[in-house]
Amino acid sequence: MTTDPVPLLPRGTRLHHDRVRDTMVLLVPERALLLDDIGAAILREVDGRSTLGAISSRLAERYGAPKADVASDVRDFLDGLAGQRLVDYQ
Amino acid sequence: MTDRPAPPIAMLAELTHRCPLSCSYCSNPLELTERTRELTTEGWIDVFRQAAKLGVLQLHLSGGEPASRRDLEILVKAARDAGLYVNLITSGIGLTPTRLNALETAGLDHLQLSLQATTADKADWIGGYRGSFARKLALAEEVLWRGIPLTVNAVMHRHTIDDVRTAIDFAANLGARRIEVACVQFYGWALVNRDALLPTRAQVVQAKDAVAEARLAYAGRMMIDFVPPDYYADYPKACMGGWGSTGINVAPDGTVLPCHAAATIPGVVFDRVTEKPLSAIWYDGAAFNAFRGHAWMQEPCRSCARRDHDHGGCRCQAMTLAADPTATDPVCRHAPARPAVDHILEQQAPSVSPFIYRGSKR
Ligand code: SF4
Ligand code: SF4
């Protein structure tokens, strides 16, 4: 794995708009994770092509936040999911 | 309670009670529903659409063996079309490569495969079906090369819990991303077979250590979920995350239950999807409201700091062990009926009683 890997949602993990609760959820094997705005914004950028760095730059620009802070938030969030095998790095 | 309950997140649809296996720990009720009383294809499709509208996100298709329904592929497609995440809970028996192809095309999201044991002799003995293990392995291969996400559900009890590490290694070698190491809970047929199934305390302690070690060994590779047997716990499990709070079960004939064992509670009337809309059953039905909130609780639960955490435990277990569905779950160490659980543990027979297989004459 490189230091700037490309995260992707493996098969069996889907981002879904929950109309009843009007929120984004991550549907995963046998669970549904209700996402806050930040989590949803990060996962929307996970397209299987962009590196962590590219994703962080885009989010930093969009929200006008320091890139280093955004990058560490993105990394923590996705590492947490990767640890549960809900995100893969390649 | 005045607050309107939140919508349910998950539905367990017990499509049928039919199953080629006859596991002694099966959670199905002793009175199995016959095929002729099962909901029709259209009946189930309607349930799935109503569920999605109500707020259900996850659909678990279970049984019995869901593959015993010839219309499984149609049901999976309809559930996906309704916007649900579709999980198939199967023993693998009855799923041919052709049927797997069709399920994949229909949009199946995930498959949970039960593992009775890690060797053929033992697995076939526990499931009461010769050759089941070989067929299960063949199915697992078919699932994996297709890339269908797989969870292995290793069922733990007196006869299998010593092999827990082998089961975990087995699932990892199969390529599972997740394993559920689930100790048998004593409902339905498992309750009948409790003497034969209940592990010893020493076994449980060892298993916990083995799981902790395996978690380190497989960190980042496979998720390991562990459900310990609650008879040995100090506090009860938050059954279903709280009665009528997140989950909804539908029995083969369309009876809607707050949990799969709820029908064992006398005096509670359960609605059927053939008679009432699902949302009315969830929000206003007598069964779902029976144990919501705190008003129904007895002491010590009513004034306990953990009451919103475990909701007083399992109502069906209170019924089974304390003969009172509003009692504190007897596995809780504060429960007046805890001595009943301790008594069961003390009475544990050193030699093992034979299984009464599901579906055989009692
Ligand atoms: S526990 Fe065994 S008998 Fe019961 S439904 Fe599952 S596979 Fe069939
Ligand atoms: S007394 Fe009731 S609420 Fe408190 S821990 Fe025990 S079961 Fe849970």
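# Exercises on a two-chain predicted model

A:Val25 stands opposite A:Leu34 in strand E4 of chain A. The structure is a predicted model, in which local features need pLDDT of at least 70 and side-chain atom pairs count only at pLDDT 80 or more, while totals for chains, interfaces and linings use all residues. Residues are numbered from 1 along each chain as its sequence is written, and chains are lettered from A and ligands numbered from 1 in the order in which they are written.

**Exercise 1.** Describe the sheet of chain A that has the order E2-E3-E4.

Step 1. Helices (H or I, at least four residues) and strands (E, at least two) are DSSP runs, numbered from the N terminus. Chain A has three helices and five strands, and its elements run β-β-β-β-α-α-α-β from the N terminus on.

Step 2. Two strands pair if DSSP finds at least two bridges between them. Strand E3 (residues 23–28) of chain A pairs with E4(A) in the antiparallel sense, over four bridges.

Step 3. The sheet is open, has three strands and shows antiparallel pairing. Strand E2 (14–18) and strand E4 (31–34) of chain A each have a single partner strand, so one side of each is left without a neighbour in the sheet. On average, neighbouring strands of this sheet are turned by 35 degrees against each other, direction ignored. For such angles, axes are lines fitted to C-alpha atoms, for helices over the stretch in contact, and angles run from 0 to 180 degrees between N-to-C directions.

**Exercise 2.** Set out the sheet of nine strands in chain B and find the helix that packs on it.

Step 1. The order of this open sheet in chain B is E7-E6-E5-E4-E3-E2-E1-E8-E9, with mixed pairing. Its edge strands are strand E7 (223–227) and strand E9 (256–257) of chain B, each pairing on one side only.

Step 2. Strand E1 (residues 10–14) of chain B pairs with E2(B) in the parallel sense over five bridges. The bridge partner of B:Met11 in E2(B) is B:Leu59.

Step 3. Helix H1 of chain B packs on the sheet and touches E1, E2 and strand E8 (247–250) of chain B. The direction of H1(B) makes about 170 degrees with that of E1(B).

**Exercise 3.** Follow helix H2 of chain B (residues 72–81) into the loop after it.

Step 1. A residue is buried if 20 or more other C-beta atoms lie within 10 Å of its own, exposed if 12 or fewer, and partly exposed in between, with C-beta atoms placed from the backbone. In H2(B), the buried residues are B:Leu72, B:Glu73, B:Leu75, B:Val76, B:Ala78 and B:Ala79.

Step 2. The buried residues of H2(B) pack against helix H1 (41–54), strand E2 (58–62), strand E3 (85–90) and helix H3 (97–106) of chain B. Contact means that the C-beta atoms of two residues, placed from the backbone, lie within 7 Å.

Step 3. B:Gly83 is in the loop between H2 and E3 of chain B and takes a positive phi of about 100 degrees. B:Gly83 counts as partly exposed because it has 19 C-beta neighbours inside 10 Å. The C-alpha atoms of B:Gly83 and B:Phe48 are separated by 9.2 Å, and the two residues are 35 apart along the chain.

**Exercise 4.** Describe the contact between the chains and the residues around each ligand.

Step 1. Chain B gives 17 residues to the contact and chain A gives 15 residues. On the side of chain B that touches chain A, seven residues are nonpolar, seven polar and three charged. Ala, Val, Leu, Ile, Met, Phe, Trp, Tyr, Cys and Pro count as nonpolar, Asp, Glu, Lys and Arg as charged, and the others, Gly among them, as polar.

Step 2. Around ligand 1 there are 13 residues, of which B:Cys19, B:Leu21, B:Cys23, B:Cys26 and B:Ser91 come nearest. A residue is near a molecule or strand if its C-beta atom, placed from the backbone, lies within 6 Å of it. The shell around ligand 1 has four nonpolar, seven polar and two charged residues.

Step 3. Ligand 2 is surrounded by 14 residues, the closest being B:Cys301, B:Cys304, B:Arg306, B:Arg307 and B:Cys332. The shell around ligand 2 divides into six nonpolar, four polar and four charged residues.
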